[in-house]
Amino acid sequence: MKGFSVIVIAALVTPVAALAADWTVYSYPEAGFSIQFPASPTVEKSTIRTSAGVSLPKTRYVVRQDRIVYQLDVVDYSSTDADATNTISETEKSFGAAGKVTVAIDARVNRSFGRELSVNGNDASRSAVAIFFVNKHLFTLVGQALAPNAIEKSGDAIRFQESLQFTGANGGFGGFGGFGGPGGGRFRGGNPQSFAACQGKSIGEKVQLNGPEGPVSATCTLFARPDAPPPAPAP
Amino acid sequence: MKHCSLTRTMGLSLLCFATTAGAHHSFAMFDRSRTETISGTVKQFELISPHGWLRLMVADANGVESEWSLELGGAGQLSRFGWSQNSVHTGDKVTVRLHPLRDGSYGGQLVSVTLPNGQVLGQRPAGA
C-alpha cells in the first residue's frame, strides 16, 4: 500500500486446517478468522509504518501460485485510535493507484461491514479485494489473477474473496451466553467451544456443547452446530 | 428477568443461526438483478460449508474453454433442498442459471442447475 514501508521480521505459523479437496479452510482462532486457500499459506510477520509515522504489526497469509496470488494482510491497529470508516477508506484509495477500480461496493462478512473491490491492474492483472476493520484489526484480502489472460483465473480470485469468515471474539456466534463480540457478533463460523468440540472429528459427527440451559446436542460441520433451538422462555 | 432476556436473545440468535445458513457474507459482488444461463462440463463439485462451489468448464463459440466458479449455499442448507455429495459428478454436462459477477469475471452465484437427467436443483425449496 502506498505510504507504507514494510520491514519484514518473518515467522512461520502452522495453521489449523479443516476440510479436504483442493481448497482447504484454514482457521486462525487466535486471530479471529478463517479463510480458504488452495494450498498451505505462508505466514509472514512484519511491521508497516503508516503515513502518520506509526509502526504497526502486520501478518500476511499468502499463497503464490502460477498466475495467481492469494493474500490476506492483517494489521493490528489496537494501539491507535483508528476508526473503521477512515481506515477502510484510506485502504480503498490505495488500490486506485494500482489500477482501475471497476467495482467498489459495500459488503458484509457475518455481521461486520466493509468494502469489496474489483481492480484491473496497471500490469493487466485482475484483483478481487475485500477490506474489513474488525476489532481494531484491518483485514485486506487480495486475490490477484496475473497477466496474461488474467480473467482465466478470475473465478478463483473471487472464490478466495468470498471465503473470509470472522470467528470468536472478532464477531463469532459468541457461543452460549456470549452473543456478540467486539466485531459485532455473528451467527455462524464457530466459537472456541465449537471448534474445540469438533477438534479431530469428522463432519457429521455428533458432539455435545454446554449451553445456559444445560448440555446441547450438536453436529460438527466446520464447527459444532446445535441440533435444536433452546427451550422457549417461560411466560 | 435478566435470564429470561438472555434466553430470548439466545432463541433469536439461534433462529438467525438457522435461517441465515449459507449467508455468511453479503453476496455484494454478484449482480442479483441479472440472471444468466451457461452450459458446461463439471470440473469439480464441493458441497461444503460455509459455501459450496461448482467449477464448470464452459466453451465459447470457438470451442475455447474457460473455467467458471459458481458459489452455492452451505452444505446444510443445500441438503434440505435435495442436494447431496452425489448430486453432481465430475464430467456431467449441466446447465446453470446464475447471478453473474459484477466485474465480468468468470463466476457467479448459482441459482439452479439442470442435471443430465433433467432434474433441477436450486438454492430454494422446489416451487419456492
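## A tour of the predicted model, chains A and B

Begin by selecting residues 172–190 of chain A: pLDDT stays under 50 throughout this segment, for which the model nevertheless has 72 contacts beyond four places in sequence. The coordinates on display are those of a predicted model. Where pLDDT is low, the predicted coordinates should not be read in detail.

Next select residues 1–21 of chain A, another stretch where pLDDT stays under 50; here the model has 39 contacts beyond four places in sequence. Colouring chain A by confidence gives the wider view: the average pLDDT is 78, and 67% of the residues score at least 70. Among the elements of this chain, β2(A) has the lowest confidence, with a mean of 36, while strand β7 (residues 68–76) has the highest, at 98.

**Chain A overall**

Show chain A as a cartoon. Its secondary structure comprises three helices and 15 strands. Of its 235 residues, 43% are buried. Considering contacts between residues at least 6 apart in sequence, 45% join residues at least 24 apart.

**Helix α1 of chain A**

Select residues 84–96 of chain A, which form helix α1. This helix has 13 residues and reaches 19 Å from its first C-alpha to its last, close to the 18 Å expected at 1.5 Å a residue. Display the side chains of Thr87(A), Ile88(A), Thr91(A) and Phe95(A), the buried residues of α1(A). They lie on the same side of α1(A), because they cover an arc of only 95 degrees around the axis. Now add β8 (99–109), β9 (112–121), β10 (126–134) and β11 (137–145) of chain A, the strands against which the buried residues of α1(A) pack. Then rotate to the face of α1(A) turned away from its buried side, where the exposed residues Thr85(A) and Asn86(A) are found.

**The nonpolar cores**

Select Phe33(A), Val129(A), Ala130(A), Phe132(A), Phe139(A), Leu141(A) and Leu164(A): these have the most contacts inside the largest nonpolar core, which has 41 residues. The element that gives the most to this core is β10(A), with seven residues. In soluble globular proteins, nonpolar side chains tend to be buried together. Centre the view on Leu141(A); leaving aside its neighbours within four places in sequence, this residue is in contact with Leu72(A), Val129(A), Ala130(A), Gln161(A) and Leu164(A). A second, separate core has 19 residues, among them Leu47(B), Trp53(B), Leu54(B) and Tyr106(B).

**A loop residue in chain A**

Move to Asp22(A), in the loop between β2 (16–18) and β3 (24–28) of chain A. Is Asp22(A) buried or partly exposed? Asp22(A) is partly exposed, because 13 other C-beta atoms lie within 10 Å. Add Phe37(A): the two residues are 15 apart along the chain, and their C-alpha atoms are separated by 8.3 Å.

**Chain B**

Switch to chain B, which contains two helices and six strands. Traced from the N terminus, its elements follow the order α-β-β-β-α-β-β-β. Buried residues account for 37% of the 128 residues in this chain. Of the chain B contacts between residues at least 6 apart in sequence, 55% join residues at least 24 apart.

The last stop is Phe81(B), located in the loop between α2 (75–80) and β4 (93–100) of chain B. Phe81(B) is partly exposed, because 14 other C-beta atoms lie within 10 Å. Display Arg124(B) as well: Phe81(B) and Arg124(B) are 43 residues apart in sequence, yet 6.4 Å apart in space, C-alpha to C-alpha.

Technical notes. Residues numbered from 1 in each chain as written. Chains lettered and ligands numbered in written order. Predicted model: local features only at pLDDT ≥ 70, side-chain atom pairs only at ≥ 80, totals over all residues. Helix = DSSP H or I, 4+ residues; strand = E, 2+ residues; numbered from the N terminus. Expected span 1.5 Å × (residues − 1). Buried ≥ 20, exposed ≤ 12 C-beta atoms within 10 Å, placed from the backbone. Arc of directions from axis to C-beta. Contact = placed C-beta atoms within 7 Å. Core = buried A, V, L, I, M, F, W, Y, C linked by C-beta atoms within 7 Å. pLDDT = per-residue confidence, 0-100.
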